[in-house]
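Hi everyone, thanks for coming. I'd like to walk you through a structure that is new to most of us, so have a look at it while I talk.

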Amino acid sequence: MNEVIGRVVDFEKQVFPNQHALYSQLATHGQSPKALMISCADSRVVPEQIIQANPGDLFVCRNAGNIVPPFATQNGGVSSTVEYAVAALGVRDIIVCGHSDCGAMKALMNPEMLEGMPNVTAWLRHSHAAKCVVDGGYDNLEGADAVRTAALENVVVQLAHLRTHPSVAAGIARGEIALHGWFVDIGAGMVLGLDGETGRFVPIREDRAMPVALPAGQRLARDIVYAEAAE
């Protein structure tokens with residue numbers, strides 16, 4: 001803790017004075033984050049560092065396994081964070097970010113690791129579909145390969161859960177919200193993005209278009225029905 005205290009003091013003496021104008025603006029005018037990132041609580045993944053964010057740039061929700069429970073009437077921290085980000089802050093881009101060597105995904109694929117952790121066991125039920133995809137959709141994956149694949153498929157599952165939240169569903173229908181699936185390879189220092197057209201994760205590169213899981217664009221089922229009827 002002495003090291004932590006030292007860093008707090010350093011923030012007050014070094015960091016804050018250098019960004020005093022920014023903090024003053026944020027304190028006076030409030031926040032207008034550019035995106036909501038739902039990431040794993042793993043200490044090796046720092047969302048603000050990954051996108052080189054300044055204070056006020058990123059609204060962050062972190063939990064074990066970067067999980068978004070499907071919407072339900074029972075209140076929850078993730079659901080409330082998503083709703084507030086969209087309805088109150090006007091966030092238009094939502095990122096679900098998984099990562100390599102994820103402890104939650106190791107436990108998902110190896111349930112014996114969860115002995116004595118009933119809360120974690122219950123939480124990881126929201127990722128059960130990812131385990132089913134790995135077990136039933138891939139041939140003979142074991143060990144680290146199975147865990148990495150589960151982490152990738154888990155991002156896809158949580159994006160699907162995210163679309164069940166009313167604020168998100170309405171924003172998507174209006175064409176105001178884009179969804180992104182990211183995967184941080186810790187050892188390689190690389191970020192992969194889910195391409196919604198191919199369903200694959202590809203490296204995010206400066207000379208390529210940003211891979212987007214679900215681009216912003218108005219999606220109204222009624223218009224689709226009328227178009228088919230007209231044909």
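Let me start with a quick one for the room: is N140 buried or exposed? Keep that in mind for a second, and note that what we have here is a predicted model. Okay, N140 is exposed, and its relative accessible area is 75%. You'll find N140 in the loop that runs between helix 7 (128-137) and helix 8. I picked N140 for its backbone: phi there is near 55°, which is a positive value, and the residue isn't a glycine. As background, most residues other than glycine have a negative phi.

There's another residue to put beside that one. D101 also has phi near 55°, again positive and again not in a glycine. D101 sits in a loop too, the one between strand 3 and helix 5 (103-109). As for the surface, D101 counts as partly exposed, with 37% relative accessibility.

Right, let's zoom out to the whole chain. The secondary structure adds up to 10 helices and six strands. The C-alpha trace spans about 65 × 50 × 45 Å along its principal axes. How does the radius of gyration fit a compact globule? For 231 residues you'd want something near 17 Å, and this chain has 19 Å, which agrees. Of those 231 residues, 37% count as buried. And if you take contacts between residues at least 6 apart in sequence, 63% of them join residues at least 24 apart.

Now the sheet. It's an open sheet of six strands, and the order is 2-1-3-4-5-6, with mixed pairing. At the edges you have strand 2 (58-63) and strand 6 (200-203), and each of those pairs on one side only. On average, neighbouring strands in this sheet are turned by 25° against each other, if you ignore direction.

Let's stay with strand 1, residues 35-40. On one side, strand 1 runs parallel to strand 2, and six bridges join them. Strand 1 also pairs with strand 3 (residues 93-99), in the parallel sense, over four bridges. A handy residue to click on is M37: its bridge partner in strand 2 is V60, and its partner in strand 3 is I95. Helix 4 (residues 77-88) packs on this sheet, where it touches strand 1, strand 2 and strand 3. The direction of helix 4 makes about 170° with that of strand 2. So how many residues of strand 1 are buried? Six of the six, so strand 1 is largely enclosed by the rest of the structure.

While we're here, look at H99, which lies in strand 3. H99 is buried, with a relative accessible area of just 1%. Leaving out residues up to four places away in sequence, H99 touches C40, D42, R44, V45, A151, F183, V184 and I186.

One of the helices deserves a stop as well, and that's helix 8, residues 143-162. Helix 8 has 20 residues and reaches 28 Å from its first C-alpha to its last, close to the 28 Å expected at 1.5 Å a residue. Is helix 8 enclosed or open to the outside? Well, 14 of its 20 residues are buried, so helix 8 is largely enclosed by the rest of the structure.

Last topic: cysteines. How many disulfides does the structure hold? Zero. Just to remind everyone, a disulfide is a covalent bond between the sulfur atoms of two cysteines. So why isn't C61 in one? Because the closest cysteine sulfur, in C40, is 11 Å from the sulfur of C61, and that's too far for a bond. C132 is in no disulfide either, and the nearest cysteine sulfur to it, that of C102, is 17 Å away. In terms of surroundings, C61 is buried at 8% relative accessible area, whereas C132 is partly exposed at 39%.

That's my tour, so over to you for questions.

Note on methods:
Residues are numbered from 1 along each chain as its sequence is written. This is a predicted model: local features need pLDDT of at least 70, side-chain atom pairs count only at pLDDT 80 or more; totals for chains, interfaces and linings use all residues. Side-chain values use heavy atoms; hydrogens and water are left out. A disulfide is a pair of cysteine sulfur atoms within 2.5 Å. Buried means under 20% relative accessible area, exposed over 50%, partly exposed in between (1.4 Å probe, protein chains only). Helices (H or I, at least four residues) and strands (E, at least two) are DSSP runs, numbered from the N terminus. The expected span of a helix is 1.5 Å times one less than its number of residues. Two strands pair if DSSP finds at least two bridges between them. Axes are lines fitted to C-alpha atoms, for helices over the stretch in contact, and angles run from 0 to 180 degrees between N-to-C directions. Contact means heavy atoms within 4.5 Å. The radius of gyration is taken over C-alpha atoms; the globule rule is 2.2 Å times the number of residues to the power 0.38.
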